[in-house]
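Here are my notes on the model you sent over. I've kept them as numbered points, so read them with the structure open beside you.

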Amino acid sequence: MLRITGGKVHDPANGIDGVVQDVCIADGRIVSSVEGGRTIDATGLLVFPGGVDIHTHVAGAALNFARGLTPENFRRALPFTHTADLRTGLGGITPTTFATGYLYAGMGWTTVNEAAVPILSARHTHEELHDTPIVDKACLVLMGNNEIVLDLIEAGELERAKQVVAWLVWAAKAYGVKAVNPGGVVAWKWGKNASVLAEPVEGYAKVTPARIISSLAGIIDELGLPHPLHLHANNLGVPGNVSTTLETMKVLEGRRAHLAHLQFHSYGGDGWGSMRSEAATVAEHFNAHKNLTTDAGAILFGDALTVTADGPWQHLLHELTGRKWGNVDVENETGCGIVPYTYKGSSLVNAVQWAVGLELMLLIDDPWRVFLTTDHPNGGCFWRYPELIRLLMSADHRRECLSKLPAKVLKRILLPDLDREYTLSEIAVVTSAGPARALGLPQKGHLGVGADADVALYEESPEDGLTFAHPRYVVKGGQVVLEEGQIRAVSRGRQFVARPSFDEGIEEYLRPLFQKVYTMSFDNYPVDLERIAGAELRACK
Ligand SMILES: [Zn+2]
């Protein structure tokens, strides 16, 4: 039992905005009162619900490959003392599994969603998630280039496609469905991409990116998965991609969807030399499409590592930058490209990207629909989120950063004209309450009775200005996991798994196809529920 007393509570889901009140905890949950147990004096501290990362890349074959490809990224030591309870790990841009859990929890973030799991390597992802301590986890399986699903869309067999999607989600023990560059990744094995939403994908007559998007969004709505289609749209990173992004929103009308890392999809211009921000256009359309949520995918200047199933884009990035490149192929169906990248303030393109991420967060009017991410490790590391929060909360700080950018960039961005400053409660919305709601996790993102007792306590005005960098205490599932800057307890964390219903007969359809196209035997493929520590099944409607 635990009582947190005297702190200023920011719990926007329950309408509490900086009120000094007690938070009581028993058996891992928030309760209305407790007798006895430990009391934490939180006088002068901010009390926030634990952070929820709706889009991050922390586990699986791609991350493991990224770690292997970039040993130079691991020199950064962990800020935690290695004790008998703590496993060792390496920090840096893609921290190793144990370190990932410690670093997220050490920042007050207690739930993470691994956003890209290739169907055929789900087992490996679960092994790494199993080794990622403290935080609760969910993962999304990649479906936008799955040939079995695409062939069914081509044949107009959407009911059967729905059964296949449901079976695959359950077999992979995923929480939801992600589509990356729909049609583009599958076309890339022919050296092609899919940049026009209405044009047939290479090898198909009727399958277009638009059709993949609308079919998958519809299927997921019908299956009632807790989280809607999670979409990495076509033409990521390309100047002028604003038109694709607006068209994508149109295709999604009438359906729920989450648009991932919107920053990478909000550019104007017709080439690198003329690239400019189109954040205002994108935000205006997004504001009008209440069926959508999004995350920023903001970038921060400095070293990053781009890791994405968008194979064609990654190869182009390698050619543009001359940096090393690797591609994990997953049975010629999907894969993951890895390219180290350094965002520089002196680069016009990078300066525009930096501004666009912030502009979107400042121009989208409903904080319940736009969430804080850097598409870790693509736009910056998750452990740099506190820097991003500071930029959102202080227009002066933004001006100071803007003054260091090349003057030429000012004509291509809107940021100098944006005075909005996020309030503490809005920060609690974009880092916790909003993403929890969008993920369909009612026990996360708030401090009401019955919620999981995931709580972070911060100093309001630390000397370095980074309020959210060093929590004084972090409570996860009712246990004090961080105190005085050190991890004090290590729990395993739960994993959320969706259980959509499907007709068992679909296995008879899938078995011969699986045997024909994949190296893995159908019967060996599904991930056993018993292998997932702390699995919590989520019913679908
Ligand atoms: Zn991503």
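**Notes on the predicted model**

1. Let me start in the middle of things, with helix H12. Its buried residues pack against E8, H2, strand E9 (109–117), H11, helix H13 (395–402) and helix H14 (424–439). The residues in question are Tyr385, Pro386, Leu388, Ile389, Leu391 and Leu392. Bear in mind throughout that this is a predicted model.

2. Now the overall picture. The protein chain has 15 helices and 26 strands, and its C-alpha atoms fill a box of roughly 65 × 55 × 45 Å along the principal axes. The radius of gyration is 22 Å, which agrees with the value near 24 Å for a compact globule of 541 residues. Of those 541 residues, 62% count as buried. Contacts reach across the sequence too: among those between residues at least 6 apart, 76% join residues at least 24 apart.

3. The zinc site deserves a look. Which protein atoms serve as donors of the zinc ion? They are NE2 of His55, NE2 of His57 and OD of Asp375, lying 2.0 to 2.1 Å from the zinc ion. The spacing of these donor residues in sequence reads H-x1-H-x317-D. Distant parts of the chain are linked here: His55 sits in strand E8 (residues 51–56), while Asp375, 320 residues apart from it, is in the loop between strand E20 (370–371) and helix H12 (385–393). Both ends of that pair are buried, His55 with a relative accessible area of 0% and Asp375 with 4%.

4. Stay in the loop between E20 and H12 for a moment, since Pro377 is placed there as well. The peptide bond leading from His376 into Pro377 is cis, with omega near -5 degrees. I'd flag this one in the write-up.

5. Helix H2 (residues 97–106) is a nice case. Why call it largely enclosed by the rest of the structure? Because 10 of its 10 residues are buried. Among them are Phe98, Tyr102, Leu103 and Tyr104, along with the glycines Gly101 and Gly106. After H2 comes Gly108, with a positive phi near 90 degrees.

6. Ile487 ties in with that same helix. This residue is in strand E24 (residues 486–487) and is buried, at a relative accessible area of 7%. Leaving aside residues up to four places away in sequence, Ile487 touches Phe80, Leu86, Tyr102, Gly106, Ile134, Val481 and Leu482; Tyr102 and Gly106 are among the buried residues of H2. Tyr473 is 14 residues from Ile487 in sequence, and their C-alpha atoms are 9.5 Å apart in space.

7. On to a helix pair. The axes of helix H9 (residues 279–288) and helix H11 (residues 348–363) come within 9 Å and cross at roughly 35 degrees, and the crossing is right-handed. From H9 the residues involved are Ala279, Ala280, Val282, Ala283 and Asn287, which meet Val356, Glu359, Leu360 and Leu363 in H11. Sorted by class, that contact has 7 nonpolar, 1 polar and 1 charged residues.

8. Val282 turns up again next to Thr245. Thr245 lies in helix H8 (residues 242–251) and touches Leu262, His265 and Val282, not counting residues up to four places away in sequence. Is Thr245 buried or exposed? Its relative accessible area is 3%, so buried.

9. Gly224 is worth a click. You'll find it in the loop between helix H7 (209–223) and strand E12 (229–232), buried with a relative accessible area of 12%. Beyond residues up to four places away in sequence, Gly224 touches Cys540 and Lys541. Val330, 106 residues from Gly224 along the chain, is 28 Å from it, C-alpha to C-alpha.

10. Last, two backbone oddities to check. Lys173 is not a glycine, yet has a positive phi of about 55 degrees; its place is in the loop between helix H5 (158–171) and strand E11 (176–180). Asn181 also has a positive phi, near 40 degrees, and lies in the loop between E11 and helix H6 (184–188). Lys173 is buried, with a relative accessible area of 4%, and Asn181 counts as buried at 1% relative accessibility.

Technical notes
Residues numbered from 1 in each chain as written. Predicted model: local features only at pLDDT ≥ 70, side-chain atom pairs only at ≥ 80, totals over all residues. Heavy atoms only, no water. Donors = N, O, S within 2.8 Å, 3.2 Å for Na, K, Ca; no water. Helix = DSSP H or I, 4+ residues; strand = E, 2+ residues; numbered from the N terminus. Buried < 20%, exposed > 50% of the residue type's maximum accessible area, 1.4 Å probe, protein only. Axes fitted to C-alpha atoms, helices over the stretch in contact; angles between N-to-C directions. Left-handed = near helix turned anticlockwise from the far one by under 90°. Contact = heavy atoms within 4.5 Å. Nonpolar A, V, L, I, M, F, W, Y, C, P; charged D, E, K, R; others polar. Rg over C-alpha atoms; globule rule 2.2 N^0.38 Å.
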